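This report introduces a protein structure to a reader who has not met it before. Please keep the sequence and the structure at hand while reading.

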Amino acid sequence: MDIGNFPPLYTLQLNPSTRSNQMTFWQKTIKENFSGFIINLGGVKNEVFINRRIGRELDTDFIVALCESMQNNNMGCWLSNERCTGRFLLYKRPLTEWVELIHGWAIRFGKINSIESAYSLIHGE
């Protein structure tokens, strides 16, 4: 059986250990399919949250909890203060990975202790 067809995955679990595994599954699924994507909680749900085959989908409370979990793991951030109708930005990479990449770039190109722009990070000098 495909794990994505397991009905309890679509119901927010109360047991902390089970919920942790559940959040890990959803974070991995979202990261594989939607990095750099915005989850809009005020609009139509994205198909990744719906499994028509088993007739299940994540409710708004679950999606908010998932976004909070991803924010706690530096995988994204809220773009508004209103959680239930707001928007959540998924980072292409966790912030810690961006920091490591930029620091590595600064070391390779001798840019430590210099002021650089986003343009120079993207396009070089």
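The text below takes up a sheet, a surface patch and several single residues in turn.

## The sheet and its helix

The model is a predicted one. Three strands form an open sheet in the order S1-S5-S4, and their pairing is antiparallel. At the edges stand strand S1, residues 38–40, and strand S4, residues 76–78, each of which pairs on one side only. On average, and with direction ignored, neighbouring strands of this sheet are turned by 20 degrees against each other. Helix H2, residues 60–72, packs on the sheet and touches S1, S4 and S5. The direction of helix H2 makes about 125 degrees with that of S4.

Strand S5 covers residues 87–90 and runs antiparallel to S1, to which three bridges join it. In the pairing of these strands, Asn40 stands opposite Arg87 of S5, while Ile39 has Phe88 in S5 as its bridge partner. S4 and S5 also pair in the antiparallel sense, over three bridges. Here Trp78 is the residue that stands opposite Phe88 in S5. Phe88 is thus named as a partner of Ile39 and as the residue facing Trp78.

Which residues of S5 lie on its covered face, and which on its uncovered one? The covered face holds Phe88 and Leu90, whereas Arg87 and Leu89 belong to the uncovered face.

## The nonpolar patch

A nonpolar patch of about 520 Å² lies on the surface, made by Leu95, Trp98, Leu101, Ile102, Leu121 and Ile122. Helix H3, residues 95–108, and helix H4, residues 118–123, are the elements that give two or more residues to this patch. The largest share, four residues, comes from H3. Leu95, one of the patch residues, is found in helix H3. Leu95 counts as partly exposed because its relative accessibility is 37%, which falls between the limits of 20% and 50%.

## Single residues and their surroundings

The table lists the relative accessibility of four residues together with the class that each receives.

| Residue | Relative accessibility | Class |
|---|---|---|
| Leu95 | 37% | partly exposed |
| Arg83 | 27% | partly exposed |
| Ser69 | 17% | buried |
| Val48 | 16% | buried |

Arg83 has its place in the loop between S4 and S5. Leaving aside neighbours within four places in sequence, Arg83 is in contact with Leu41, Val64, Glu68, Gln71 and Trp78. How far apart are the C-alpha atoms of Arg83 and Ser114? A distance of 38 Å separates these atoms, and the two residues are 31 residues apart along the chain.

Ser69 lies in helix H2, the helix that packs on the sheet. Is Ser69 buried or partly exposed? Ser69 counts as buried because its relative accessibility of 17% is under the limit of 20%. Not counting residues up to four places away in sequence, Ser69 touches Met23 and Gln27.

Val48 is located in the loop between S1 and strand S2, the latter made of residues 50–51. With 16% relative accessibility, Val48 also counts as buried. Residues up to four places away in sequence being set aside, Val48 touches Trp26, Thr29 and Phe34. Val48 and Val99 are 51 residues apart in sequence, and their C-alpha atoms are 29 Å apart in space.

Definitions and conventions
Residues are numbered from 1 along each chain as its sequence is written. This is a predicted model: local features need pLDDT of at least 70, side-chain atom pairs count only at pLDDT 80 or more; totals for chains, interfaces and linings use all residues. Side-chain values use heavy atoms; hydrogens and water are left out. Two strands pair if DSSP finds at least two bridges between them. Axes are lines fitted to C-alpha atoms, for helices over the stretch in contact, and angles run from 0 to 180 degrees between N-to-C directions. Contact means heavy atoms within 4.5 Å. Patches are made of residues with over 30% relative accessible area and no salt bridge: like charges are joined within 9 Å, nonpolar side chains (Val, Leu, Ile, Met, Phe, Trp, Tyr) within 5 Å. Accessible areas come from the Shrake-Rupley method with a 1.4 Å probe; for residues, only the protein chains shown count as cover. A salt bridge is a side-chain nitrogen of Lys or Arg within 4 Å of a carboxyl oxygen of Asp or Glu. Buried means under 20% relative accessible area, exposed over 50%, partly exposed in between (1.4 Å probe, protein chains only).
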